[in-house]
Amino acid sequence: MPDQPAKSTSATSAYKPVRLALHHLTLCSTNPERLSDFYKRVLGFCHAPRPLASSSGRWLELKAATMNFVLQITDANLDPALRDQTKSGHARLAFSTGSINEITNLLENLQVNYSTTTGGAQKSINQIVFEDCDGNSIEVNNLTPKRDDADSEPNPQPPLQVPLSIDWENPRFYTRLGVVDRSKALQIAIIGGSIGGLATAHALLKVGCFVTVFERGSRDRRRGGGGVAISDASKAVLESLSIFSASSDSRELLSPMRYHVDYSPSGFILRKGVIPFYSSHWIQLYNKLLDTLPSDCVRFDNEFVDAEDLGKGKGVRFYINDKSEKEEGELEEYESDILIGADGNMSRVRDLVFKPTSEYVRDAGYRSWRGQLDLNSKNEIDFVDPLKDSYPPHEFHVQLMRHSHVVLFYMPGNICNWQLFINKPNPNPDLRIRKTDVGTKRNKLTKPALPQDLDHLHEFVRAFSPDRTLEKLIIASSKTTVQSMVIDHEPLVSFHNGSNVVLVGDAAHAATPHLTRGSNMAFQDAYWLARTFAENKGERDGWFERYDLRVDDCRRIVELSKRVGRVRQGLGIDDSSEENMWDFDSMDVDQFEIACGDGISGMRIE
């Protein structure tokens, strides 16, 4: 039979594309150790296990939201031909980011030269180009969406505006919705004037509410406080509330902290991941929030005593002990449309109005020690450089130890902040403490460390610290050291009482500190409360039901933080008291993330 003519097919119908994924990129270097260190310090790569059947070299990995980028660095000295190719650099690596300004700040801090291209009416940076230490070109492109010139103009009525939605993949860009009618403005009373209460006041003022904050403490007592970690989303909330009058304000108050690093007890890096966080000093952030509110908005020395909900839509009557003017025991009566409890993890508003079935808080089974040290006096502190070599700036460090761990990061102004957690004798994960007993001499939430307490702390650190510089840091911080109980609450099923009272911050969802979510959840409570109010067109009906959409995410954070803390402390999970169950030195990153429930991802929950 004669050959049949082949059927004609178009190239497009005949071709079936092969599905491929990038495996890795290889760079050759005459100094692979130096080049590896560059990519770790500047771009956040971390050590990666060598793939099966791979060639020699150093393997690095950059974990991102959409893919993992693997880089192999080989020794060009082993091949003369490769050595000739590397003399002037021959590769170009291109990356993209939604945080290009943080990249430029990091390069400046590390004294790496770079060039930029800009565009748009605001002359924003579109691209950064710099070289690694071998001369290879690195390109970082900005993923920030471009806006029309009209969109970039300042809003003519900012006090009446509220950001209504955040693109959580790029939280710096908000869309805005209409103005709230001031004739319908609600009277809002906020109980508690810490940073969560002040942020809530800012947010509700933005949507046209009349707000008064009642704070039991005195203005001049607001001192100290430790370091806090602020997420990208929380920074965006603060920017939208006009907390920062200029970009220089945010640079002074916030320092980029781009990576989370877990160290095993023997000192090697167990896990390193990207986190969108900044470090800040609590008191500086608090003062900024307070100073940018109207002068008559916050009333200090005003202690909340009792409240009576008058019925849905009818408001709340509450009683305040004004310690600044009245004699003790003489109360002032107020009424407001809405009462917001922002009075912390021992919230009296929560106890009086919500009447929780449990009269107890959950004790974590360990205590916290916290301190800070100013590292600017190098003549007096001889361990600054070794400390930063062991625990570099712009990173959130978690040093695991035997039944203990230390969290360490650097705040603006070259201040080192640390927090050490030590198990109590015979820790009981099921322990509940009656709320009325918290605050007593025995169970005080936070108190200065006495000399005998410091002796115990220093003895513990000398025995178990894997790094002598860490030991020196904690001992040198004795004047600023305080100790605290670590507690949380059983999560609520709703943040409002079905009528006129709602909770924000730790009053709504007190959590242990291990995911650094306390302040961030409070800032985002403020944002969501204002957003849902504006979406509801300023009407009370349905407002709190919209706000309650946060309940599930906050519950996840509370329970995940509890789990992460117990794993780091060598305790059991799910109410198990089994000891010595965590051998971190023999774990790989996958085993560690399974044990922690993927705690780094928990730090990204907004």
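Does His394, at 17% relative accessibility, count as buried or exposed, and why? In this predicted model, His394 counts as buried because its relative accessibility is 17%, and buried means under 20%. The residue is placed in the loop between helix 10 and strand 22, and its phi is near 65 degrees, a positive value in a residue other than glycine. Most residues other than glycine have a negative phi. A second histidine, His403, likewise has a positive phi, of about 50 degrees, although it is not a glycine. His403 is found in the loop between strand 22 and strand 23, and with a relative accessible area of 16% it is buried.

The protein chain as a whole has 18 helices and 28 strands. Of its 606 residues, 52% are buried. When contacts between residues at least 6 apart in sequence are considered, 69% of them join residues at least 24 apart.

The surroundings of His403 can be followed further through Ile422, a residue of strand 24, since the C-alpha atoms of Ile422 and His403 are separated by 7.2 Å while the two residues stand 19 residues apart along the chain. Ile422 counts as buried, at 8% relative accessibility. When neighbours within four places in sequence are left aside, Ile422 is in contact with Tyr366, Arg367, Trp369, Ser404, Leu457, Phe460 and Gln569. Strand 24 (415-423) is also one of the elements against which the buried residues of helix 12 pack, together with strand 21 (360-374), helix 10 (384-390), strand 22 (395-401), strand 23 (404-411) and helix 11 (451-464). Within helix 12, which spans residues 468-476, these buried residues are Thr469, Leu470, Glu471, Leu473 and Ile474.

Helix packing was examined next, with helix 14 as the shared partner. Two packed helices are described by the angle between their axes and the distance between the axes. Helix 6 (residues 232-240) packs with helix 14 (residues 518-535) at an angle of about 45 degrees, and the axes of the two helices lie 9 Å apart. At that angle, helix 6 is oblique to helix 14. The crossing in which helix 6 passes helix 14 is left-handed, and the contact is made by Ala233, Ser234, Val237 and Leu238 on the side of helix 6, and by Asn520, Phe523, Gln524 and Tyr527 on the side of helix 14.

Helix 5 (residues 195-206) also packs with helix 14, here at an angle of about 20 degrees and with the axes 8 Å apart. Helix 5 and helix 14 are therefore roughly parallel to each other, and their crossing is right-handed. From helix 5, the residues Ile195, Gly196, Ala199, Thr200, Ala203 and Leu204 meet Ser519, Ala522, Phe523, Ala526, Leu529 and Ala530 of helix 14.

Beyond helix 14, the loop that leads to helix 15 (543-547) holds Arg540. This residue, Arg540, counts as partly exposed, at 26% relative accessibility. The C-alpha atoms of Arg540 and Asp337 are separated by 9.4 Å, although the two residues are 203 residues apart along the chain. Asp337 is also among the residues that Arg540 touches when those up to four places away in sequence are not counted, the others being Leu186, Gly313, Lys314, Gly315, Ile338 and Asn500.

Aromatic side chains provide a further set of contacts. A pair of aromatic rings is described by the distance of the centres and the angle of the planes. The count of aromatic pairs, with ring centres within 6.5 Å, comes to 13. The rings of Phe214 and Tyr334 have their centres 5.1 Å apart and their planes at 65 degrees, so this pair is edge-to-face. Because Phe214 lies in strand 12 (residues 210-214) and Tyr334 in strand 19 (residues 332-336), the pair ties together parts that are 120 residues apart in sequence. Both Phe214 and Tyr334 are buried, and ring pairs link these two residues and Phe318 into a cluster.

Charged side chains are also placed over aromatic rings. Arg258 lies over the face of Tyr278, at 4.7 Å from the ring centre, and the charged end of Lys272 sits over the ring of Tyr259, 5.1 Å from its centre.

Definitions and conventions
Residues are numbered from 1 along each chain as its sequence is written. This is a predicted model: local features need pLDDT of at least 70, side-chain atom pairs count only at pLDDT 80 or more; totals for chains, interfaces and linings use all residues. Side-chain values use heavy atoms; hydrogens and water are left out. Rings of Phe, Tyr and Trp (its six-membered ring) pair if their centres lie within 6.5 Å; planes under 30 degrees apart count as stacked, over 60 as edge-to-face and the rest as tilted. Helices (H or I, at least four residues) and strands (E, at least two) are DSSP runs, numbered from the N terminus. Buried means under 20% relative accessible area, exposed over 50%, partly exposed in between (1.4 Å probe, protein chains only). A charge sits over a ring if NZ of Lys or CZ of Arg is within 6 Å of the ring centre and within 35 degrees of the ring normal. Axes are lines fitted to C-alpha atoms, for helices over the stretch in contact, and angles run from 0 to 180 degrees between N-to-C directions. Angles under 35 degrees count as roughly parallel, over 145 as roughly antiparallel, 65 to 115 as roughly perpendicular and the rest as oblique. A crossing is left-handed if the near helix is turned anticlockwise from the far one by less than a right angle, and right-handed if clockwise. Contact means heavy atoms within 4.5 Å.
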